[in-house]
Amino acid sequence: MRRRTMLKTVGAISLSSVIPKVSIASPVEYKEIRKEIETEVLIVGGGTAGTIAAIQAARAGCNTILVENGSQLGGTTTTGGVAFPGLFHAWGKQIIAGIGWELISDTIQLGDGTFPDFNIPTRRAHWKHQIRLNPYLYALLSEEKCQEAGVQIRYYETPTQATWENGRWNVKTVGKGTHTHIRAKQLIDCTGNGFVTALSGFKVLREDEIQPGTLQFKIGEYDIDKLDMKLIQAKYEEAIKKKEISQTEFRSIAALLQNQGDNIQHILGADSTTSETHTIANIKGRSSLLKMLRFLRTLPGCEKTKLVSMQPETAVRETYRIDGEYQITHEDYVNGKVFEDSLSYSFYPIDLHDEQGVVPKHLNEHKVATVPLRALIPKNSQNLLVAGRCVSSDRLANSALRVQASCMGMGQAAGAAAALACKQNVTPLKVIPEDIRKLLQKHNAIVPGENL
Ligand SMILES: Cc1cc2nc3c(=O)[nH]c(=O)nc-3n(C[C@H](O)[C@H](O)[C@H](O)COP(=O)(O)OP(=O)(O)OC[C@H]3O[C@@H](n4cnc5c(N)ncnc54)[C@H](O)[C@@H]3O)c2cc1C
């Protein structure tokens with residue numbers, strides 16, 4: 001058919017046959033959901049540790065609910081964009097495996113990524129054994145594995161109340177149009193901030209000063225090899241003097257350009273413990289990036305600098321820690337103390353960031369720290385576990401314990417402890433540690449005493 005004939009034919013079709021019929025909207029009530037649900041294990045916080053804890057509890061046969069206030073799983077690893085977990089290996093041997101390692105291996109495989117060569121010792125360059133992940137795939141696979149294991153995920157929800165009554169946790173959550181009352185036999189706090197621990201009345205600890213946070217982003221469209229770095233350094237120093245940019249936020253212009261923005265910004269006081277403080281941290285991270293981007297575009301050779309990607313929130317390093325049945329000390333950490341109830345390993349330099357940046361302190365050869373069950377239990381609590389960066393520890397030990405491989409190991413340990421406590425109808429402190437270790441090994445985790 002010629003074009004003009006076709007247009008005429010289309011024009012001849014009456015309008016009523018093209019425009020779909022719509023009914024007239026009448027006023028209705030907004031459909032909110034109010035529910036009461038029972039579960040065996042409830043995990044709050046679907047981040048680095050919480051996702052693993054949930055998969056472990058569900059794979060061990062427990063009815064499991066995972067409440068997450070964001071819109072995807074992975075927390076700091078995905079939403080925060082810290083997609084370079086470490087350290088799974090120490091002194092030439094793997095020390096953390098299990099569900100976290102399975103997720104990482106699947107992410108590497110699906111994204112055609114590569115593992116570092118773990119046989120080459122890193123010496124002081126520990127980051128060489130961190131694994132560069134595609135965070136989008138990691139989030140997708142986390143969700144898929146949760147669903148395959150039978151974990152019920154509830155996004156956009158946060159607890160408003162958590163009370164221990166008549167041998168059950170009663171946790172009330174609110175979300176977008178939801179009001180949920182969840183009754184659970186075992187509760188695991190994986191919020192990274194000890195939020196549920198504090199909400200249920202147990203003590204949390206915090207220093208006056210916390211480590212800075214970082215908004216992860218990527219910049220591009222300049223040729224690093226063609227830049228006059230001497231001139232750029234001079235302009236950077238001049239801009240700092242004039243207070244156009246902040247030196248504490250970007251300590252090295254060379255590193256910023258070399259790394260294309262990766263893990264380079266420092267936002268002092270970044271705090272994710274309340275919506276209000278996290279809003280401030282996000283706005284500070286973004287406005288600091290915007291200022292820097294405008295400055296970069298004034299530099300010779302960087303005029304076309306582009307913002308290639310940016311995470312949706314400023315990642316936070318440190319807030320509250322729980323006051324547990326045991327507090328892991330700096331001495332325990334650097335001496336690789338093994339406890340009767342150690343459930344997982346942790347290996348990283350002491351890594352405390354401050355206004356000046358960070359100078360990691362490496363562990364002595366063959367030392368590998370461990371995490372005892374008691375450090376995952378808030379003091380005097382019942383049927384409550386914690387996993388992740390808010391593990392019970394002093395500040396220096398925590399600066400190493402907080403890394404992702406360690407959080408994944410703790411997450412799996414907490415999931416296994418909760419599952420056994422649930423089946424035995426006891427509080428996790430009463431579960432025999434050797435039984436938890438056996439369950440962990442059944443799910444491919446490496447437990448202290450093994451592999452070293
Ligand atoms: C900038 C930066 C760089 C880092 N560099 C490294 C590195 O190089 N290598 C490394 O291994 N580690 C690194 N870390 C440390 C590591 O990434 C984190 O300490 C670790 O991921 C924390 O895990 P988590 O499970 O405790 O918390 P998260 O992964 O943050 O998970 C907490 C989850 O709980 C949810 N949540 C919080 N509050 C609530 C609530 N009230 N209700 C419901 N859900 C809630 C959050 O949305 C989130 O999903 C870095 C961290 C930062 C910030």
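## Helix H12 and its salt bridge

Glu434 is partly exposed, with 36% of its relative area accessible, whereas Arg437 counts as buried at 12% relative accessibility. In this predicted model, the side chains of Arg437 and Glu434 meet in a salt bridge, with 3.0 Å from N to O. Both residues belong to helix H12, where they stand 3 residues apart, about one turn of the helix.

Ahead of this helix, the loop between H11 and helix H12 (433-442) holds Asn425. The phi angle of Asn425 is near 55°, a positive value in a residue other than glycine, and Asn425 is exposed, with a relative accessible area of 63%.

## Salt bridges across the chain

The count of salt bridges in the model comes to 21. One of the pairs is formed by Arg183 and Glu36, whose closest N and O atoms are 3.3 Å apart. Arg183 lies in strand E8 (residues 178-189) and Glu36 in strand E1 (residues 33-44), so this salt bridge ties together parts that are 147 residues apart in sequence. On the side of strand E8, Arg183 is partly exposed, with a relative accessible area of 23%, while Glu36 counts as exposed at 57% relative accessibility.

Salt bridges can also be followed through a group of residues, for Arg59, Glu102, Asp106 and Lys145 are linked in a network of them.

## Glu207 and its two arginine partners

Glu207 has a salt bridge with Arg395, in which the closest N and O atoms are 4.0 Å apart. The pair links distant parts of the chain, since Arg395 is in helix H10 (residues 395-401) and Glu207 is in the loop between E9 and E10, 188 residues apart. Arg395 is buried, with a relative accessible area of 17%, whereas Glu207 is partly exposed, with a relative accessible area of 28%.

The side chain of Glu207 is also joined to that of Arg321 by a polar contact of 2.9 Å. Arg321 is part of strand E12 (residues 321-322), and at 4% relative accessibility this arginine counts as buried.

## A negative patch on the surface

Which residues gather in a patch of negative charge on the surface? They are Asp208, Glu209, Asp354 and Glu355. Glu209, one of these residues, is found in the loop between strand E9 (204-205) and strand E10 (217-220). Its relative accessible area is 46%, so Glu209 is described as partly exposed, and this value fits the patch, because membership requires over 30% relative accessible area.

## Buried residues in helices H8 and H11

Is Gln404 buried or exposed? With a relative accessible area of 8%, Gln404 is buried, and its place is in helix H11 (residues 404-424). A polar atom of the Gln404 side chain lies 2.7 Å from the backbone oxygen of Val82, a detail that the reader can look for when turning from the sequence to the structure.

Helix H8 (residues 275-296) contains His278, which is likewise described as buried, with a relative accessible area of 14%. Measuring from C-alpha to C-alpha, His278 and Lys172 are 22 Å apart in space, and they are 106 residues apart in sequence.

## Backbone details in two loops

How is the peptide bond from Gly86 to Leu87 arranged, cis or trans? This bond is cis, with omega near -20°, and Leu87 lies in the loop between strand E2 (64-68) and strand E3 (89-90).

A further backbone detail is found at Tyr156, where phi is near 60°, a positive value in a residue other than glycine. Tyr156 has its place in the loop between strand E5 (152-155) and strand E6 (158-165), and Tyr156 is partly exposed, with a relative accessible area of 42%.

Technical notes
Residues numbered from 1 in each chain as written. Predicted model: local features only at pLDDT ≥ 70, side-chain atom pairs only at ≥ 80, totals over all residues. Heavy atoms only, no water. Patch = residues over 30% accessible without salt bridge, like charges linked within 9 Å, V, L, I, M, F, W, Y side chains within 5 Å. Areas by Shrake-Rupley, 256 points an atom, 1.4 Å probe, with all protein chains shown as cover. Lys, Arg positive; Asp, Glu negative; His and termini not counted. Charge placed at Lys NZ, Arg CZ, Asp CG, Glu CD. Helix = DSSP H or I, 4+ residues; strand = E, 2+ residues; numbered from the N terminus. Buried < 20%, exposed > 50% of the residue type's maximum accessible area, 1.4 Å probe, protein only. Polar contact = N/O pair within 3.5 Å; in protein donor to acceptor, adjacent residues only side chain to side chain.
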